[in-house]
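Trainee: Please take me through one part of this model closely. I would like to see how its pieces meet.

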Amino acid sequence: MIEFTNVVKTYDNGTTAVADLSFVAPTGKITVLVGPSGCGKTTTLRMVNRLIEQTSGSILLGGEDNAQTDTIQMRRKIGYVIQNAGLFPHQTVLDNVCAVPYLNKSDKQASRDRALELLELVGLDRGYASRYPWQLSGGQQQRVGVARALAADPPYMLMDEPFSAVDPIVRKQLQAEFLRIQADLAKTIVMVTHDIDEALKLGDQIVVLKEGGILAQIGSPAEILAAPADRFVADFLGESRGYHALNFASIAELELQPAPTVRLGESSAAGAGTWIVACDANDRPLGWVRADGSGEAVAAGRVTIAQNVSQSRGNHRELLDAALTSPNGLAIVVDEQGGFAGTLSPDVVIRDAAAIGRGARESGLPS
Ligand code: ADP
Ligand code: MG
């Protein structure tokens, strides 16, 4: 846990970058600091590892005041990832990842073995270990940056716009891999971004800052979407706030409706005009086919490919999207193994919208 209490940072030129900031970044969770450029995010992050000294207030790491602990010792507990990765240009990828373990005088061979494992964990095969940073794409460098921060197995991670410098497709991949890694490692993470979509996607908790380092709101993505604290937060969340909120509404409790199924290459007894879920040889749904009553085997060419939704992990947004791209307006829902579980009508999205949006209406914001 990282605990900020009444933290203030005023630079020598009189700029107050952070004003009286208090929040807790819980253990094993991702806390995202988000806000427009210049609102004090980087300053806040760099006060944690004392690259910047706060003017007043306290920052505790695991209950220890970081102003009272030895800076070197304290930094060993913190992995630090910055935009553009900040790799050492004249060192190989492997040596970059091993930088902190070498500083800590860890066993060389063990450090290297671990570094190779970490490279694999972040999606780079061993062939990259002997390359130099300039021989890698931006996304690959960013992966090395994450591996380097994890090398000393620190309990805390500070990440400053780690995915901002890469193109949108690579960014999406990096975000997904980052969530997968965090699901295993459960580090206590404070991440900075100016991108609200990234904050909503990655954060367990979001701290919204406004100019002058003033706390605008703190809460889970769903809480902030449902009830922005003020006009600044509502505007920062942008126009698609309602759609975003659908991401946080699970479909797991919804009652599924049955539908007839047929395997490709087999025939169905369903009456002409009936929509049937076409499945592969392993009974995994591929899409919809409309029975023609001929009793002929169903050919792949007749299937309208569907976007299936997972019953356990799916959300209202995926349900709506699946229904909107389905020829009969129904979403196909699959179980953990990818098998057919049932169908859902998107009507529930509108039915439950009232519950999801209630917080927003109760917050009394002008519409
Ligand atoms: P963010 O990361 O949210 O873009 P920063 O923390 O970098 O914001 O900066 C917050 C404010 O502090 C900005 O107004 C910035 O110009 C100012 N600032 C940052 N570093 C310094 C510095 N070393 N000296 C004076 N002002 C600074
Ligand atoms: Mg910054």
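Mentor: Domain bounds here come from an automatic or database domain assignment. Keep in mind that this is a predicted model. The assignment splits the protein chain in two: domain 1 covers 2–248, and domain 2 covers 261–349. Take their centres over the C-alpha atoms, and domain 1 and domain 2 lie 41 Å apart.

Now go to the place where they touch. On one side, 4 residues of domain 1 take part in the contact. On the other side, domain 2 brings 5 residues. Together, domain 1 and domain 2 bury about 420 Å² between them. Carbon and sulfur atoms give 58% of that area. Which three residues of domain 1 supply more of its buried area than any other three? They are Tyr 243, Leu 246 and Asn 247. These three account for 94% of what domain 1 buries against domain 2.

Next, the kinds of residue and the links. The side of domain 1 that touches domain 2 has 2 nonpolar and 2 polar residues. Charged residues are absent from that side of domain 1. How many salt bridges cross the interface of domain 1 and domain 2? The rule finds 0. Polar contacts do occur: 3 residue pairs make them across this interface, with both residues at pLDDT 80 or more.

One more stop, for comparison with the interface: ligand 1. Its surroundings include Tyr 11, Asn 13, Thr 15 and Ala 17. A run from Ser 37 through Gly 38, Cys 39, Gly 40, Lys 41 and Thr 42 to Thr 43 also surrounds ligand 1. Backbone atoms matter for the distances here. Gly 38 has a backbone N or O atom 2.7 Å from an oxygen atom of ligand 1. For Gly 40, the corresponding distance is 3.1 Å. A polar backbone atom of Cys 39 is 3.2 Å from an oxygen atom of ligand 1. On its own, ligand 1 has 560 Å² of accessible area, and the protein covers 60% of it.

Definitions and conventions
Residues numbered from 1 in each chain as written. Chains lettered and ligands numbered in written order. Predicted model: local features only at pLDDT ≥ 70, side-chain atom pairs only at ≥ 80, totals over all residues. Heavy atoms only, no water. Contact = heavy atoms within 4.5 Å. Buried area = accessible area lost by both parts, 1.4 Å probe. Salt bridge = Lys/Arg side-chain N within 4 Å of Asp/Glu carboxyl O. Polar contact = N/O pair within 3.5 Å; in protein donor to acceptor, adjacent residues only side chain to side chain. Nonpolar A, V, L, I, M, F, W, Y, C, P; charged D, E, K, R; others polar. Near = heavy atom within 4 Å. Areas by Shrake-Rupley, 256 points an atom, 1.4 Å probe, with all protein chains shown as cover.
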